[in-house]
Amino acid sequence: MRTLSFVPPPPPPSSASIVTSSIRALRLAIPFPSSPYCNLSRKREGKVEASTRMAENDGKDDGVASKSKLAAHVDRIRQRFHGQSTDGWEKCWEQGFTPWDLGRPTPIIQQLYRMGALPKGRALIPGCGTGYDVVSIACPERYVVGIDISEIAIKRAIQLFSSSPNTNHFIFLKEDFFTWHPTELFDLIFDYTFFCAIEPKMRVAWAERMSGLLRPEGELITLMFPISDHIGGPPYKVSISDYEEVLCPLGFKAISIMDNELAVGPRKGKEKIGRWKKIRSNSSL
Ligand SMILES: C[S@@+](CC[C@H](N)C(=O)[O-])C[C@H]1O[C@@H](n2cnc3c(N)ncnc32)[C@H](O)[C@@H]1O
């Protein structure tokens, strides 16, 4: 059994339990003090017991064990980088070291899709890896673009999903998020395990790209992980303030920030889902 922070896939919960737990989560949303970066109030979900057992070691990790596993995991990824971030990712893919890959869509994004709670139009998933999330939210009302800097990841995604029934509603492109300039903007961007994958010094540039790629009033959904206090990365530790610090000065407003109770296995308690609206464009800064 692998017990890394980027964990292998446990069996999916039934859709009934997902919907039930989501409704409980929404009911338990409580006000949250305003932040030093944004003049707004956020919502935080109360503590909710997950109704589904999602991994063998769920709830059994004490803090110390969990921290040392995360540190070991960070070390293993870092070994493939040697200070060169783009090559490092390709090396991970080449060597089949992809512990972040759930091998299925991320439960919370699937749930939002099923509930009809995602903006329609054009969606982008940067650092999409093998693309499960891309395919899971693509439909006639939503065209989804998945980009990844790794050629191997993109080839794998294309191979996996070229005969999906919704193949006309998504595309995979080998692109660098920081330099790519699409011809059309997006109504929705979903970031999961991408913000934590880039070096913290790139976070301002990350926010600028998010702002540049979204239409006014577009929505950015960030599944914030790992909320921890480990040192180094990738994955680099994240906090709500890390996102606010770079997004709010660009005119993003947090619509909601909740614990992700559908987080998988050891990621439980280390994830929050943030929904951000782009209220004004960069030019008004
Ligand atoms: C931790 S993995 C997460 C993959 C996917 N989101 C998932 O959860 O399975 C980070 C991904 O970001 C990609 N990546 C890193 N830097 C990138 C960049 N500048 N532009 C696009 N993709 C990038 C990597 O190749 C890798 O596939």
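**Entry 1: strand 9 and its partners**

I began with strand 9 (residues 272–278) and found that six of its seven residues are buried, where buried means under 20% relative accessible area, exposed means over 50%, and partly exposed lies in between (1.4 Å probe, protein chains only). I note that this is a predicted model, in which local features need pLDDT of at least 70, side-chain atom pairs count only at pLDDT 80 or more, and totals for chains, interfaces and linings use all residues. Residues are numbered from 1 along each chain as its sequence is written, and side-chain values use heavy atoms, with hydrogens and water left out.

I took helices (H or I, at least four residues) and strands (E, at least two) as DSSP runs, numbered from the N terminus. Two strands pair if DSSP finds at least two bridges between them. I looked up which strands pair with strand 9. Strand 7 (residues 214–224) does so in the antiparallel sense over six bridges, and Met224 has Lys272 of strand 9 as its bridge partner. Strand 8 (residues 252–259) also pairs with strand 9 in the antiparallel sense, over seven bridges; here Ala254 has Trp276 as its bridge partner.

**Entry 2: strands 4 and 5**

I then turned to strand 4 (residues 142–148) and strand 5 (residues 170–174), which pair in the parallel sense over five bridges. Val144 stands opposite Phe170 in strand 5. From strand 4 the chain passes through helix 6 (residues 151–161) to strand 5, a right-handed β-α-β crossover. Right-handed means that, with the strands pointing away from the viewer, the path from the first strand over the helix to the second runs clockwise.

**Entry 3: Tyr113**

I located Tyr113 in helix 4 (residues 107–114). Is Tyr113 buried, partly exposed or exposed? I recorded Tyr113 as partly exposed, because its relative accessibility is 30%. Tyr113 and Ile137 are 24 residues apart in sequence, and their C-alpha atoms are 6.1 Å apart in space.

**Entry 4: the ligand**

I examined the 18 residues around the ligand; Gly127, Asp148, Asp176, Phe177 and Thr193 come nearest. A residue is near a molecule if one of its heavy atoms lies within 4 Å of it.

I looked up distances from ligand oxygen atoms to N or O atoms in side chains. For Asp148 the distance is 2.6 Å, and for Thr193 it is 2.8 Å. A polar side-chain atom of Trp93 lies 3.0 Å from an oxygen atom of the ligand. The protein covers 94% of the 600 Å² of accessible area that the ligand has on its own, by the Shrake-Rupley method with a 1.4 Å probe.

How values were computed: A polar contact is a pair of N or O atoms within 3.5 Å; within protein, one must be able to donate a hydrogen and the other to accept it, and residues adjacent in sequence count only if both atoms are side-chain atoms.
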